[in-house]
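Hi,

Here is the structure I said I would pass along. Have a look, and my notes on cysteines and aromatic rings follow underneath.

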Amino acid sequence: MSVPLFNLAPNLTVSRLCLGTMTFGEQNSLPQTLRLLDQAFDAGINFFDSAEMYPVPQRAETQGKSEEYFGQWVRKRKISRDRVVIATKVAGPSGQMSWIRDGPKCLDAKNITEAVDGSLKRLQMDHIDLYQIHWPDRSRHFKVLHSCVSSYVPMFGETEYDPVRQFSSVPIEEQLDALGRAVDAGKIRYIGLSNETPYGVMKFLHFAENNVCYPKIISVQNSYSLLCRTFDSGMAECCHHERIYLLGYSPLAMGILSGKYFASDGAPSDARLNLFKGRYSEGESRYSLARNTLKLATMEYLGIAEKYGLHPVSLAIAFVLNHPLVASTVFGVTKSWQLEEVISACNVELTSEIIADINKVHAKFPNPCP
C-alpha cells in the first residue's frame with residue numbers, strides 16, 4: 001500500500017502524508033531519525049517538513065539539528081534530490097530565541113535572506129522546494145513559539161483578535177521582495193505561509209498580483225484536526241477561491257486523538273505532553289488535558305472509531321485528508337509503530353455516516369484545541 005500523491009503546484013507532486021521533523025535532534029537521535037526516514041520513504045512519503053528553529057522544545061544547543069539530520073539522510077542514502085520534496089520555515093519575531101539572529105527581532109529582508117542561506121547550509125542542498133514563513137511578523141512581541149502567546153494576531157490557541165496590541169511591522173512587500181530574490185537565485189522554488197489568518201493570506205496574494213517580481217504563495221500550513229477546525233471559518237473560503245492548499249498540521253492534536261492520554265496508565269512517560277511537562281507550554285495550554293471539553297470530545301471521537309471498527313489514528317488522519325482543500329497532512333512520530341499507524345490510515349475512506357457522526361460531536365464541542 002503506497003501513500004497517495006497530490007499535485008501541489010507545477011512540477012511539485014507531494015505525498016498526502018508529510019513527515020514533520022521537529023522531533024529529530026531532540027526526541028530522536030540521528031540513527032533513529034535515519035530509520036524513520038527510511039521507513040517513510042519506502043512507504044511512498046516524499047514530502048518532509050522542517051524549520052530553522054527545530055527541534056522542539058527549542059534550545060540553543062539543538063537548533064537546526066532537524067534540518068541537519070534530514071540533509072544527512074539524503075546524502076547517506078544517496079537519494080536523488082528530485083525524489084524528495086523538502087519544506088522548511090523561517091522563524092518569525094519572538095525576542096526569546098536569542099540564538100537565532102538575536103531573537104529574531106523581525107522578519108525583514110535581511111533576516112529572511114540569512115535564514116534561507118542558513119537552512120540551505122544545514123540541509124547541504126542547493127534549493128528548498130517550499131519555503132514558509134513560520135508565523136507572521138505582525139505577531140511580534142509574543143514570548144516564544146510553542147510558549148505563552150500574547151500577540152495580537154490570534155494563533156497557537158488564541159481565537160480573538162485584539163487591535164489594542166497593534167504595532168508597526170515589516171511590510172509584506174519587503175518580505176515578498178526578499179523571497180522573490182531567493183526564488184530568482186534558485187534557492188527556493190515555491191513559498192507558503194504558516195499559522196496565518198485570512199487577512200494575511202489575502203494581503204500576500206494582493207501584493208503578488210500587483211507585482212510580477214513577487215512570488216505567489218501556494219500553501220498555508222495551519223493546524224487542522226478533529227479537535228481544531230478553525231480553518232473552515234474564514235480561511236477555507238479564501239483558499240478555495242484563491243486556489244491555495246492547506247497543509248494541515250497536528251492531525252492527531254499532539255497525540256491526543258490516538259487516545260493514549262486517556263488510557264488507564266495515562267500514556268507512556270515519553271509521550272510528548274508527559275516528557276516535556278513544564279517545558280512545552282503550547283502543549284499545556286492549547287492541548288490542555290485538564291480541559292473538560294477536550295476530553296469529552298476526544299472520548300466521543302474514540303467512540304466513533306470503535307463503532308465503525310477503525311483505529312483512532314485512522315479516523316483522525318482520514319478526516320483531515322477528506323477535506324477538499326487539504327493537499328497533505330503534516331504529522332510527527334518518534335517510533336516506527338507510530339509511523340505504521342499513520343501510513344495505514346492514509347487510504348481509509350470515511351462514509352457519509354461516519355462524517356455525520358463526526359459533525360454531531362463537532363457541533364457539541366467545537367474546536368476544543370483551536
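Let me start with Cys228, which is buried, at a relative accessible area of just 1%. Bear in mind throughout that this is a predicted model.

What about disulfides? Searching the whole structure turns up zero of them. Cys228 is in none: its nearest cysteine sulfur belongs to Cys369 and is 7.5 Å away. A disulfide needs the two sulfur atoms within 2.5 Å, so that pair does not count. Cys346 is also in no disulfide, and there the nearest cysteine sulfur, the one in Cys18, is 13 Å away. Cys346 counts as buried too, with a relative accessibility of 8%.

Now the aromatics. The search of the whole structure gives seven aromatic pairs. One of them joins Phe6 and Tyr245 in an edge-to-face arrangement, with 4.8 Å from centre to centre and 80 degrees between the planes. It counts as edge-to-face because the angle between the planes is over 60 degrees.

Which parts of the chain does this pair link? Distant ones: Phe6 sits in strand β1 (residues 5-9) and Tyr245 in strand β9 (residues 245-249), with the two positions 239 residues apart. As for exposure, Phe6 is buried at 18% relative accessibility, whereas Tyr245 is partly exposed, with a relative accessible area of 25%. The cut-off for buried is under 20%, which is why Phe6 falls in that class.

There is also an aromatic cluster to look at: Phe41, Phe48, Phe70 and Trp73 together form one.

Cheers

How values were computed
Residues numbered from 1 in each chain as written. Predicted model: local features only at pLDDT ≥ 70, side-chain atom pairs only at ≥ 80, totals over all residues. Heavy atoms only, no water. Buried < 20%, exposed > 50% of the residue type's maximum accessible area, 1.4 Å probe, protein only. Phe/Tyr/Trp six-rings, centres within 6.5 Å; stacked < 30°, edge-to-face > 60°. Helix = DSSP H or I, 4+ residues; strand = E, 2+ residues; numbered from the N terminus.
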